[in-house]
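Me: I'm new to reading protein structures, and I'd like to go through this one with you. Can we take it a question at a time?

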Amino acid sequence: TDSLPNVRNSAIYMNQIPIDDRKQIFGPNQLEIRIPGYVEIFVKEILTPFYFFQLFACLVWFFNAYEVYAGSVLGITIFTALLSVVRIRKDRIKIRKMILDQTQQYLMLDENERKIFVKSKDMVPGLKVKLPKNGPVTCDMVIDSGSIVVDESLLTGESIPIRKIAGDKIYNGSLILSNNDHRYTYDNDEKQQSSVCSATVSKTGFYTVKGQMITSILYPAPT
């Protein structure tokens with residue numbers, strides 16, 4: 001489970017593995033959705049039992065002198081398949097647009113206590129980072145210290161803000177509304193963020209709650 005003690009124990013083990021190696025193991029922290037072409041979707045659509053049955057029925061009707069009826073059913077079937085292809089591709093594009101605009105930059109300290117900014121796509125399990133003042137959460141984490149207020153409406157449909165404290169989980173797809181322990185410092189015109197509220201990364205990419213939700217949408221379980 002993603003409890004704080006378990007995440008901390010996992011982080012101790014994970015931090016023994018170089019970050020670059022962890023990137024190779026877990027992949028980039030991105031929810032990449034490939035948009036297939038129309039032909040690919042059409043082939044996958046017609047290679048289903050329903051369309052095989054329709055084709056077999058049309059052949060039976062055709063050889064029993066029901067050419068007009070068989071042709072009509074075949075034409076309607078192909079038209080329905082084409083509409084389904086257009087709908088599937090549009091849905092994929094909408095989902096892709098929904099997840100591509102969520103980027104964030106996190107502050108972490110290396111072994112020499114130097115400040116390092118990490119892009120959201122480079123996040124890996126085990127990293128301990130400072131949470132920003134506001135903006136999207138781009139991976140699943142467990143809060144180590146401090147408190148924040150988040151909006152989880154994208155995941156739960158509940159628009160009431162929720163306060164998270166040490167030991168609570170925050171999920172990819174949540175929106176940080178306020179970070180009461182946050183302050184800004186400026187150095188050479190480069191904005192640096194320093195926050196008492198810190199969290200440890202537990203899951204990234206499609207292993208997150210949001211990633212699993214998108215996977216279930218794209219590949220629903222057969223009924």
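Me: Let's start with Ile 148: which residue in S7 stands opposite Ile 148?

Reply: Keep in mind that this is a predicted model. Strand S6 covers residues 147-151, and 4 bridges join S6 to S7. Ile 148 has a partner across that pairing, and the residue in S7 standing opposite is Lys 164.

Me: And in which sense do S6 and S7 run, parallel or antiparallel?

Reply: Strands of a sheet pair through backbone hydrogen bonds, and there are two options, parallel or antiparallel. For S6 and S7, joined by 4 bridges, the sense is antiparallel.

Me: Which strands stand at the edges of the open sheet?

Reply: This open sheet has 4 strands, paired antiparallel in the order S4-S9-S6-S7. An edge strand here has a single partner strand, so one of its sides is left without a neighbour in the sheet. That picks out S4 (135-136) and S7 (162-165).

Me: Now S5. How many bridges pair S5 with S12?

Reply: S5 spans residues 140-145, and S12 spans residues 198-203. Val 142 stands opposite Thr 200 in S12. The two strands pair in the antiparallel sense, and the number of bridges is 5.

Me: Which residue in S8 stands opposite Met 141?

Reply: S5 also pairs with S8 (residues 169-170), in the antiparallel sense over 2 bridges. Across from Met 141 in S8 you'll find Ile 170.

Me: Is Ser 145 buried, partly exposed or exposed?

Reply: Ser 145 lies in S5, where 5 of the 6 residues are buried, so the strand is largely enclosed by the rest of the structure. Buried means under 20% relative accessible area, and exposed means over 50%. Ser 145 comes in at 27%, so the label is partly exposed.

Me: How far apart in space are Ser 145 and Thr 200, C-alpha to C-alpha?

Reply: Along the sequence, Ser 145 and Thr 200 are 55 residues apart. In space, C-alpha to C-alpha, the distance is 9.9 Å.

Me: What arc do the buried residues of H7 cover around the axis?

Reply: In H7 (residues 209-218), the buried residues are Lys 210, Gly 211, Ile 214 and Leu 218. They sit on the same side of H7, because the arc they cover is only 100°. As a general rule, an α-helix has 3.6 residues a turn, so residues three or four places apart point the same way.  That leaves the value you asked for: 100°.

Me: Last one: how many disulfides does the structure hold?

Reply: A disulfide is a covalent bond between the sulfur atoms of two cysteines. Cys 139 is buried at 0% relative accessibility, and Cys 197 is buried with a relative accessible area of 0%. As for disulfides, the count is 0.

Key: Residues numbered from 1 in each chain as written. Predicted model: local features only at pLDDT ≥ 70, side-chain atom pairs only at ≥ 80, totals over all residues. Heavy atoms only, no water. Buried < 20%, exposed > 50% of the residue type's maximum accessible area, 1.4 Å probe, protein only. Pairing = 2+ DSSP bridges. Arc of directions from axis to C-beta. Disulfide = S-S within 2.5 Å.
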